[in-house]
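Biologist: Could you walk me through this model with me asking and you answering? I would like the reasoning as well as the results.

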Amino acid sequence: MNDLVRQHTALTVSDLEWLHLLVSEWQLLSDLSFADLVLWVPTLDGARYVSVAQMRPNTGPTSYQDDMVGHLVPRGRRPMLDAALDEGRIVREGDPEWREEVPVRVESIPVRREGRVLGVIARNTNLLTVRTPSRLELTYLQSASDLAQMIAAGSFPFPGQQVDMDASPRVGDGLIRLDADGVVQYASPNALSAYHRLGLAADLVGHHLGQTTAELAPSRGPVDEALVKLASGWAPRETEVEGNGGVIQLRAIPLKPKGTRIGSLVLLRDVTELRRRERELITKDATIREIHHRVKNNLQTVAALLRLQARRIGSERGREALEEAVRRVGSIAIVHETLSQNLDERVEFDDIVDRVLAMVAEISPGRVTGRRTGRFGILDAEVATPLSMVLTEILQNALEHGFGPGETGTVEVSAVRGGTRDEGRLLVTVQDDGRGLPEGFDPQRAGNLGLQIVRTLVEGELGGEFDMRTAPEGGTRVTLDIPARAEKQ
């Protein structure tokens, strides 16, 4: 719609925002009318109309099988559009049109903002299935007529009341029509069922909806006056009411077709099951976070015990082996600590890499500086845990074998999202400026435990590729090309 309006019309940014607000709400008008809606806006030269938006009803058959957005119509071809635009009134005159052997009633509703008519809504009703309307359908049509008059007067949609139509109740979920005093004139079967979930034993018709709702919602203090007013339809608001084990979502829409409030529409939906599942998910998330927290604590305890044991061993090789185990356990603990702070099983891996670099640098025999370049991004836990161990082993190997006592140097860890194949991979490079690999060293066959761990995790668990070779400028370069399953949020 933005492109069409900017390309073909003279509407301002504020006008466009008003049209967006209207389009976010007009599913309500379409469903109440059982009709298709097409929004036509006059072009810059005033000689044509361009259709910038379209809506089909959920409550009846469509009148348009084709997409109308982007169509241009010369002025004069559709006199009802001209009359609604020029005279600023709703136009209903004329016989039904026939489209593919289907009779269609066409009406035009001017869209007004601050006294100016911005465009016209063509309301098209498929008359093929017309029958004697029920009380529900009559209520729908009357409410649609009131809303149409409000659009023509510029009082609907409500400024500053952007509605998420995916989350808000729809017409078919449940509808209640109130008079000016907030007394129920009509309640659809779905609306009545929702109130029965709250504990209502009687009918709603003839009762004051605000007071009835406040009585059904448990309160430890005085009656909630805000709830009474909202359920009475005094202002365009949304809320949820919980009682008797049920939860319903309410949306109030004041009706002011001629500038004076004549009543209200209340849309409602039974969201009891939805809220129950949300509570279960919240409980599950809290449980998972607590589990990660406890795993982290247990791993830190294991690392502390291994560290104590290392201090009591006289053998230098034994002490080094236990210290390596401490670092391996510590790298896993870092991942679980990060997971314990998140709501999902994904982690921002850059922080983990920085902490692993700091942890491994402590064992450097020389004065080696570690740094990270690039961005790892967000990774799934099933990738983050083995990758943190892999980096721990590679960094530990680089510091132990690449630099001697007192030597200075640098170890750099770089990351590129996309890898060498596609956007779903991660290319990691670990490079140092140390001694390099021994002559004839084969990293794919070396029996070193650390490299065995790296090969197993990279190729077996992560499904990636591992390469280790002497860098052309000196030192050692290790590359990992692995699938990275999470980044989008």
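What follows is a set of questions and answers on helices, cores, a cavity and backbone geometry.

Biologist: Glad to have you here; what should I know about the model and its numbering?
Modeller: Happy to help: this is a predicted model, in which local features need pLDDT of at least 70, side-chain atom pairs count only at pLDDT 80 or more, and totals for chains, interfaces and linings use all residues. Side-chain values use heavy atoms, with hydrogens and water left out, and residues are numbered from 1 along each chain as its sequence is written.

Biologist: How far apart are the end C-alpha atoms of helix H13?
Modeller: Helices (H or I, at least four residues) and strands (E, at least two) are DSSP runs, numbered from the N terminus. The expected span of a helix is 1.5 Å times one less than its number of residues. For the 13 residues of H13, 449-461, that gives 18 Å, and this agrees with the separation in the model, 17 Å.

Biologist: Which elements help to cover the buried residues of H13?
Modeller: Buried means under 20% relative accessible area, exposed over 50% and partly exposed in between, with a 1.4 Å probe and protein chains only. The buried residues of H13 include Leu-451, Val-454 and Leu-457. With contact taken as heavy atoms within 4.5 Å, their cover includes helix H10 (316-339), helix H12 (381-402), strand S17 (465-470) and strand S18 (476-483).

Biologist: Which element gives the largest share of the largest nonpolar core?
Modeller: A nonpolar core is a set of buried Ala, Val, Leu, Ile, Met, Phe, Trp, Tyr and Cys residues joined through side-chain atoms within 4.5 Å. The largest one has 49 residues, and Phe-349 and Leu-387 are among those with the most contacts inside it. Its largest share, ten residues, comes from H12.

Biologist: Is Ser-388 buried or exposed?
Modeller: Ser-388 sits in helix H12. Beyond its neighbours within four places in sequence, Ser-388 is in contact with Ser-331, Val-335, Phe-349 and Ile-352. Its relative accessibility is 0%, so Ser-388 counts as buried.

Biologist: What is the volume of the largest cavity?
Modeller: On a 1 Å grid over the protein atoms alone, a cavity is a set of points where a 1.4 Å probe fits but cannot get out, and lining residues have an atom within 4 Å of a point. Grid points are joined across faces, edges and corners, and a volume is the space filled by probe spheres set on the points. A search of the whole structure finds one cavity of 30 Å³ or more, and the volume of the largest cavity is about 60 Å³.

Biologist: Which elements give two or more residues to its lining?
Modeller: The lining includes Leu-357, Val-368 and Leu-395. The elements that give two or more residues are helix H11 (349-361), strand S13 (367-374) and H12.

Biologist: What is the omega of the peptide bond from Phe-156 to Pro-157?
Modeller: Most residues other than glycine have a negative phi, and most peptide bonds are trans. Pro-157 is in the loop between helix H5 (135-153) and strand S7 (175-179). The bond from Phe-156 to Pro-157 is cis, with omega near 5°.

Biologist: And what is the phi of Glu-114?
Modeller: Glu-114 lies in the loop between strand S5 (102-113) and strand S6 (116-126). At 69% relative accessibility, Glu-114 counts as exposed. Its phi is positive, in a residue other than glycine, and near 50°.

Technical notes:
On a 1 Å grid over the protein atoms alone, a cavity is a set of points where a 1.4 Å probe fits but cannot get out, and a pocket is an open set with protein on both sides within 12 Å along at least five of seven lines; lining residues have an atom within 4 Å of a point.
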